[in-house]
Each structure stands twice: as C-alpha cells, then as structure tokens.
Amino acid sequence: MDTADQEFVHAGPAPGRRGLVVSAVGYRVSGQTPALHRGLPSPYLTLLFSLDGPVVTGRTPGEATGPGAARADIVVGGLHQSPAYIVRPEREAGIQLALHPLAARALLGLPAAELTGQLVIDGTDVLGRLAADVRERLCAADTWDARFACLDAYLARRAAAARRGTARPEVAEAWAWLARHRGAGTLRGLAAHVALSERRLSALFRAETGVTPKQAARLMRFQHAKARVVRAVVAGAPPDLARVAADCGYYDHSHLVRDFQQYTGVSPTAWLAEECRNIQAGGHMNGED
C-alpha cells in the first residue's frame, strides 16, 4: 500500500496572473512507490518548475522508462490529445502552472501552436537561462507564499516585456465562446458568432493554438467532465458517470467513456483507481473549473 506523505498547495488569486494563469499548484511528495503517472490532456498549457530532480517523461510507458525519455528541470507543454507518461519517483516537489493558451505569446514569447509536435520542451529552450535562475530562487525559498510571489513577479516581468503581439480578436472570442459553452457548442454556431467561415476560423484557430476548434471543444468538455468526477470523489460519493455525461454535453455514457479512454489511456473507473489517493489529497483540484 502506498503510504506517501503528500502536500498540495493551491495559490490564491493574484492580479498579475489574471487572464494568463488558470491555476498554480505547489506540491511536495515523499515516500511514494515509484511508478508511472499519466499527465492528462487539458485545454491549458503546462509550465512546471521542479524543486527536486528533473521531470522524466515520454509518449509511452516504454519511452518514459527508457533511454529516450525527456528530462528537464523546467517543463513547458503544449496542447496534446493523448496522455503523457511521467516517471513518479519516491520523492518529488515542484510548482505546476496551467497557462491559458492565448497567454503563450505574453508568457512564453511564442504562440501556443509553436509548442505542438513535441510532448514536452525543456523550459530553458523557451524561456531562456533566466528561468534557471528563477528555479534556483524557488528552490531556496522557505515557504509556498514566497515561491508563488517569486514566480508571479517573474511572469509579470515577462508579460510586461512581451513583443510577440496578441492573438487575433476572432480567435480570442472563439476561445471565450467555447469556454462559455464548456465545449458543447457547434463549429457552425461558433463560426457564425465570430463572422468567419468554418474553414477560415479553423485555420486561424489552429495557427494560434495548435489545435482545431473541435479539438479544443473536446478538451474543454473532457476537462469539465473530469472536474465533476473529481468533485464527487472528494465529496465521498461514487461518481454517476451517466449523469456526468448528460450534464457535460456527451451523447451518452459510452461517448464519455470513449473520450476518457483517448485522453487517459484507460476507462474512467481504472483512472479513478489509479488516482484516488491524489484526488483525495487535492492533487486534481486545480481551480480550473
């Protein structure tokens, strides 16, 4: 039985993160049984600063545990459609941020679409060597509040100095429309809302984010469904997957299960069995929904 000591700390609202950072979570775990963890797709970019050893990842379990695994102390990840496999050591600590894809230009210096094609990227390749200095300060800080304040100041400086412009207003409004509908709207309705043809909208949207509007909508719908399942587990109740499917815009229970299998690699029941301890400790309550 895993008897790990787990700590998850969720940063409170900060003016400098508004509209840019969806959630910021500090974590520290020790005494856990080494294993593989599934990093699930979501409608957000990932920025992770390890406060311990490097983060080791791969597209498959074999890649993550083999010589071809990616290793980085700072990880940047774009939008993806299948799980990433992360080696979970006996001890780990870090701060993980979920970034709004349209904040990529301001915070990362490039559009989110430029992150596609790689599962994860070494953060210093995107952010530069200064990010390594920030990580050292995060490691040296004594409290989570101090770490979050350090990171907030760094991100605010990057946003203030951004020179890559902003997303086209049609793309920004399309993303906001999809978010309001929690991924349940249609491409036809979305295109009409932003006064573009479906083809033109899809091309502009993908050029900015790296995914099509349909793919983004599926990620949002899955994120909403996963949050509903997580809240049920935290409350001590078995999740009613049929009700979750109906409330989140899926055709039926089977439709939800198919999305879970694509995005997690397993069924909802199997994923919950794997993640139950992390969910109960607060590891999946990221303030994203």
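In this predicted model, R59 is in contact with P83, Y85, G117, Q118 and L119, once its neighbours within four places in sequence are left aside. R59 itself sits in the loop that runs between β5 (55-58) and α1 (61-64). Its relative accessibility is 44%, so R59 counts as partly exposed, a class that lies between the limits of 20% and 50%. A residue far along the chain gives a sense of distance: E170 is 111 residues away from R59 in sequence, and the two C-alpha atoms are 33 Å apart in space.

One of the contacts of R59 is L119, and L119 is also touched by H80. H80 belongs to the loop between β7 and β8. Not counting residues up to four places away in sequence, H80 touches G39, L40, P41 and L219 as well as L119. With a relative accessible area of 19%, H80 is buried, because the limit for that class is under 20%. H80 and T116 are separated by 36 residues in sequence, while their C-alpha atoms lie 7.6 Å apart.

The contact of H80 with G39 leads to a sheet. G39 has A84 as its bridge partner in β8. The strand β3 is joined to β8 (residues 84-88) by five bridges, and these two strands run antiparallel. They are part of an open sheet of four strands, ordered β3-β8-β5-β6, with antiparallel pairing. At its edges are β3 (35-39) and β6 (70-72), each of which pairs on one side only. On average, neighbouring strands in this sheet are turned by 35° against each other, direction ignored. Strands of a sheet pair through backbone hydrogen bonds, and the pairing can be parallel or antiparallel.

Another open sheet has six strands, in the order β1-β2-β9-β4-β7-β10, and its pairing is antiparallel. The edge positions are held by β1 (5-10) and β10 (121-122); each has a single partner strand, so one side of each is left without a neighbour in the sheet. Further inside the order, β4 (residues 45-50) and β7 (residues 74-77) run antiparallel and are joined by four bridges. Within this pair, L47 has V76 in β7 as its bridge partner.

Helices lie against this sheet. The helix α4 lies across β4, β7 and β9 (91-99), and it runs at about 60° to β4. The helix α5 also packs on the sheet, where it touches β1, β2 (21-30), β4 and β9; its direction makes about 140° with that of β2.

These helices also pack on each other. Two packed helices are described by the angle between their axes and by the distance between the axes. For α4 (residues 130-140) and α5 (residues 144-160), the angle is about 160° and the axes are 9 Å apart. That makes α4 roughly antiparallel to α5, since angles over 145 degrees count as such. Their crossing is right-handed. On the α4 side the contact involves L130, A131, V134, R137 and L138, which meet R147, C150, L151, Y154 and R157 of α5. The residues of this contact divide into seven nonpolar, no polar and three charged.

A second helix pair follows further along the chain. The axes of α6 (residues 169-180) and α7 (residues 187-194) come within 10 Å and cross at roughly 135°. The two helices are therefore oblique to each other. The crossing in which α6 passes α7 is right-handed. From α6 the contact uses E170, E173, A174, W177, L178 and R180, and from α7 it uses G189, L190, H193 and V194. Here the residues divide into five nonpolar, two polar and three charged. E170 of this contact is the residue whose distance from R59 was given at the start.

The last stop is D259, which has its place in helix α11 (residues 253-264). Is D259 buried or exposed? Its relative accessibility is 2%, so D259 counts as buried. Apart from neighbours within four places in sequence, D259 is in contact with R218, R221 and Y250.

Notes: Residues numbered from 1 in each chain as written. Predicted model: local features only at pLDDT ≥ 70, side-chain atom pairs only at ≥ 80, totals over all residues. Heavy atoms only, no water. Pairing = 2+ DSSP bridges. Axes fitted to C-alpha atoms, helices over the stretch in contact; angles between N-to-C directions. Buried < 20%, exposed > 50% of the residue type's maximum accessible area, 1.4 Å probe, protein only. Contact = heavy atoms within 4.5 Å. Parallel < 35°, antiparallel > 145°, perpendicular 65-115°, else oblique. Left-handed = near helix turned anticlockwise from the far one by under 90°. Nonpolar A, V, L, I, M, F, W, Y, C, P; charged D, E, K, R; others polar.
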